[in-house]
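Q: Could you take a close look at one part of this model for me? I'd like a single helix, end to end, and then whatever it packs into.

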Amino acid sequence: NDNRLSMDAFEQEANYTAYKEILDKLKEGKKLHRRTSVKQLIDMFAKAPYGWKELDVRGMIGNLLKANQLKISIHDNVVALNDQNFKYKFSKGESLDTMVVLIQEKIDDQILYEVKKIMKDAFDETYPIQEEQLKNDVLEFFNGKKKILEDIQTKYGPGSFAGKSALAEIYSTFEKITKSNDNAVIFNSVISNKDALIENAPILEQITSFYQTNSAQMKNFQDAKEIVNWYTKNQMFEDLSGLDDVIENMIKILDLDLPFAKMNELGTLVFQAKAIQDKIKDEKIKVITNALNKNLQAIEHEINQALLLNLDESDKADLSTKFEEVKDKFNQWFNHLSLASQNELDSTKNASDREVDGVKRYISEVITRPSEDALNDEAKPTVKRVKIGQLISVANKRIKSKDDVKKVLFEIEKNLIELLIDTDEIDVE
């Protein structure tokens, strides 16, 4: 499983001894716990008895890197050989004092097997026992999962969202594993985080499944939030007690940091809530339908009463046209009731109430228009406006019985007759 190119491959090269010299110097430095940079190697071999040129030393280091005999660490991070910034600076001889040269040692097979087993046990991933390939597979897996978690955080953060704390913890663990490109560091990090990886693997699966595109779980979760919001806004204005228990259980799940294991239960609650909502809506539609019918009948009565007056034919035509327009509007409301939301139902009821008031104002405007005869008559009729309350004495305004009703009606009739003595017309508001 040693993926390093054997030094035997360099035996036929003229610089074979030079390659051995470089490796020996590094081994010697390692024994003394001394870190050696590319710059130090160049300086070392530039002196007697070697006298090697910088370009030659860099070239040999590069070949040993490609043969996986060496590795370069910058600020304690092993660089990848395909790192474009590193390749540029190394080829130009820049920042060589920051590039620490290390011998690439073979990873023990027991470590490789341990990493392979952890990936299998935690994530059901099967990787070959080949050092470089195992490293690449491990990095590809964890970098891929990090990208998914980053996308979730970007889309649903920075505020609270389901699984936020667990996501941050899992991401932190993956970040520790992927921060280095050194085989030993990566494998040791996987092993040292074994318990966290195995413990959080099911949670990772739950999070990624929940937030995947077109997720049924996510739709149920959003539906539940919308139902709770609707309940909160409307419970003070109408009787929603039939939903109390369902909403309470919904909120308990929605408030969990890890609600994913409760998604089946939440789906059942959403189904129950929608059934109760539909029942409430059906009852409300009946109430609104009755209210609309009552208002339309009131408008029809007002129009018919106005048509009994001695009006010009053009005025009567206007009133009839107005009623047809109102009927069309009410028919549109009737047809839309089953499709309307709870808020739209309330708005429709309020709109129909305003329509009654609007028609009354229109009728008042039409019947007070001067007729053709009146326009030709120089003497204009006198009109007196009174409010209905002015026709009733204070003592009679509290009505508790049929006799009280008769008393009020008698007083209104009496006062209206008296007012007609000195006026041609009374306009009662």
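A: What follows is a walk along one helix and then into the core around it. This is a predicted model, where local features need pLDDT of at least 70, side-chain atom pairs count only at pLDDT 80 or more, and totals for chains, interfaces and linings use all residues. Residues are numbered from 1 along each chain as its sequence is written, and side-chain values use heavy atoms, with hydrogens and water left out.

Our helix is α5, with 15 residues; helices here are DSSP runs (H or I, at least four residues), numbered from the N terminus. From first C-alpha to last, α5 reaches 21 Å, close to the 21 Å expected at 1.5 Å a residue; the expected span is 1.5 Å times one less than the number of residues.

Now the two ends. Aspartate 108 caps the N-terminal end of α5, with a side-chain oxygen 2.7 Å from the backbone nitrogen of glutamine 110. Just past the other end, aspartate 124 takes a positive phi of about 60°.

Which residues of α5 are buried? They are Leu112, Val115, Ile118, Met119, Ala122 and Phe123, where buried means under 20% relative accessible area with a 1.4 Å probe, protein chains only. These buried residues sit on the same side of α5 because they cover an arc of only 125° around the axis, taken from the directions from the helix axis to the C-beta atoms. An α-helix has 3.6 residues a turn, so residues three or four places apart point the same way. As for what lies over that buried side of α5, the cover includes α6, α7, α8 and α9.

That brings us to the largest nonpolar core, which has 54 residues; such a core is a set of buried Ala, Val, Leu, Ile, Met, Phe, Trp, Tyr and Cys residues joined through side-chain atoms within 4.5 Å. Phe123, from the buried set in α5, is one of the members that touch the most others, along with Val138, Phe142, Ile207, Met250 and Leu266. The elements giving two or more residues to this core are α5 (109-123), α6 (131-156), α7 (164-178), α8 (183-192), α9 (194-210), α10 (216-234), α11 (244-254) and α12 (263-307).

Phe142 is a handy spot to click on. Leaving out residues up to four places away in sequence, Phe142 touches Met119, Phe123, Phe174, Ile177, Thr178, Val190 and Leu197, with contact meaning heavy atoms within 4.5 Å. Apart from this core lies another, of 23 residues, including Leu23, Val57, Leu64 and Ile103.

Methods:
Buried < 20%, exposed > 50% of the residue type's maximum accessible area, 1.4 Å probe, protein only. Polar contact = N/O pair within 3.5 Å; in protein donor to acceptor, adjacent residues only side chain to side chain.
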